[in-house]
Amino acid sequence: MTEPADPQALFASRDKMVPHVFVIFGATGDLARRKLFPGLFRLMRSGLLPEQFRIIGSGRNSPGTDEEFRYKLAKAVFKFSGSARFDDHVWEEFAQRITFQTSSKDDGEALAEAVDAAMAELGPDTRKLLYLSVPPDSMEPMVKMLGATGLAEDARVVLEKPFGRDLESSRSLNTALHQVFAEEQLFRIDHFLGKEAVQNILALRFANGFFEPVWNRHHISYVQIDVPESIGIEGRAGFMESTGTFRDMISTHLFQLLGFLALEPPVHVDAESLRVEKRKLFQAVRALEPDRVVFGQYEGYRDEPGVNSESEVETFVAAEVWVDNWRWKGVPFLLRTGKAMAQSRRTITLGFVEPPLKMFDSANGFDSQPNELVFELTEDSTVTLDLRAKRPGPALKLDHAKLHMRFSEAFADAEPLEAYERLLLDVLRDDQTLFTSAEEVERLWELCDPVLQQPPKVHSYEQGSWGPAQARELAGERGWRVPEQS
């Protein structure tokens with residue numbers, strides 16, 4: 001069994017963690033299969049779950065017997081954990097703790113009885129963790145069911161995005177949640193914030209004296225947050241048709257990345273301090289202007305199974321965002337994301353202000369491509385600083401060079417946690433630092449509502465391209481960092 005280098009430094013040891021009953025709604029769905037069960041398995045394999053726990057999967061339709069359910073999960077965990085990290089003996093120990101109980105938004109009595117029985121078996125200190133991986137239109141009735149059956153009592157609840165469909169529905173959802181749960185019981189998850197590379201934005205900004213002094217409008221001329229995906233909708237027509245890329249990505253992931261990049265230094269890196277600064281930041285963000293947002297739809301989307309043949313749902317979004325505060329006034333933040341694009345990337349680019357006096361002309365190799373600090377937020381994440389330097393040789397001629405750090409090389413002995421693993425552990429520790437508050441959710445919908453009220457025209461783009469031409473124009477003369485300019 002693989003143990004982290006110093007688990008006590010980050011997490012309570014297993015013998016000090018109280019028993020838990022995990023209830024996963026949507027347990028036969030894609031998220032549970034790809035992320036939740038593999039994540040819990042890897043946490044157990046690393047000794048980071050309580051010694052005593054049970055997992056009760058739930059959904060409207062039974063997957064068969066518990067043994068049949070476990071067999072299907074074994075194939076998924078083997079596939080998504082990687083064969084090198086799959087241990088048959090650990091799986092047997094893990095699988096024997098898994099059962100399934102049907103439930104619905106209208107009927108949760110049998111599930112409540114199963115949870116009560118599991119908690120009684122594990123002892124009086126046992127805690128509940130409910131994970132709601134359910135469609136947005138089922139969220140409110142599910143919450144009411146949790147309250148009516150007693151499942152909500154003393155439970156922590158993880159909520160999957162999107163948190164509503166707009167400002168009105170998000171307020172309605174928060175009202176329904178607060179009728180059953182206290183805010184401190186709620187963990188609104190955004191898995192982007194669980195990524196090591198995203199958390200490193202805070203570390204690089206605030207732990208290094210050469211970054212923070214230049215992290216402002218006097219030294220940075222633009223910011224790009226770029227999350228293209230090469231895959232299409234991958235059989236998720238129902239989700240895309242009901243949600244669209246704007247609701248799925250802009251009001252959640254990309255705005256959260258903007259939050260980490262642009263917030264003021266918090267007093268501490270804890271939930272309350274970060275939420276205070278994010279609250280102030282998002283109050284300073286200007287509501288999106290529909291004419292500075294570009295929607296696109298990839299060619300062939302309407303031919304996907306389950307898609308309306310006349311669908312106007314956007315599979316691509318690019319947006320210009322302005323932060324009207326002292327630090328960022330006048331600096332454009334450009335957001336872009338889409339399906340069926342040329343590459344899958346998670347790239348943040350900060351472009352620096354050019355020197356006021358150009359001592360070198362084009363004959364010396366000076367060009368208009370500015371210095372940029374680039375974060376690649378992949379699993380093997382990197383940070384690169386593009387700069388100009390003298391090319392070796394007899395002439396004083398400039399060329400482009402890179403200062404490059406790859407985290408897997410800099411910390412070769414470290415064992416990073418996958419985003420869902422990290423966030424599930426944070427829930428176990430009652431740590432809401434990387435989770436979103438009700439107030440923040442509503443403010444982000446407030447910023448997005450003008451676009452939802454007046455959606456831009458949807459432009460067609462070729463699969464394998466970088467999106468519609470209108471998005472390239474949005475980025476101005478510099479263009480987008482991705483694809484990289486040579």
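**Exercise 1.** Work out what share of the 486 residues of the protein chain counts as buried, in this predicted model.

*Solution.* Start with the cut-off: buried means under 20% relative accessible area. Apply that to the protein chain and 55% of its 486 residues count as buried. For the outside, the protein chain exposes about 21800 Å², and carbon and sulfur atoms supply 50% of that area.

**Exercise 2.** Find out how far you can trust the model, going by pLDDT.

*Solution.* Take the average to begin with: the mean pLDDT of the protein chain is 91, and 95% of the residues reach 70 or more. Then check the weak spot: over residues 1-13 the pLDDT is below 50. That stretch still has 20 contacts in the model beyond near neighbours in sequence.

**Exercise 3.** Decide how the radius of gyration of the protein chain compares with the globule rule.

*Solution.* First, list the parts: 14 helices and 15 strands. Next, put the two values side by side: the radius of gyration is 24 Å, and the globule rule gives 23 Å for 486 residues. Those are close, so the chain is as compact as a globular protein of that length. For the extents, the C-alpha trace spans about 80 × 55 × 40 Å along its principal axes.

**Exercise 4.** Place D399 in the fold and classify its exposure.

*Solution.* Look up the element: D399 sits in strand β14, residues 398-406. Now the exposure: partly exposed runs between 20% and 50%, so D399, at 29% relative accessibility, belongs there. Leaving out residues up to four places away in sequence, D399 touches L387, R388, A389 and R391. Finally, D367 is 32 residues from D399 in sequence, with 9.1 Å between their C-alpha atoms.

Key. Residues are numbered from 1 along each chain as its sequence is written. This is a predicted model: local features need pLDDT of at least 70, side-chain atom pairs count only at pLDDT 80 or more; totals for chains, interfaces and linings use all residues. Side-chain values use heavy atoms; hydrogens and water are left out. pLDDT is the predictor's confidence in each residue, from 0 to 100. Contact means heavy atoms within 4.5 Å. Helices (H or I, at least four residues) and strands (E, at least two) are DSSP runs, numbered from the N terminus. The radius of gyration is taken over C-alpha atoms; the globule rule is 2.2 Å times the number of residues to the power 0.38. Buried means under 20% relative accessible area, exposed over 50%, partly exposed in between (1.4 Å probe, protein chains only). Accessible areas come from the Shrake-Rupley method with a 1.4 Å probe; for residues, only the protein chains shown count as cover.
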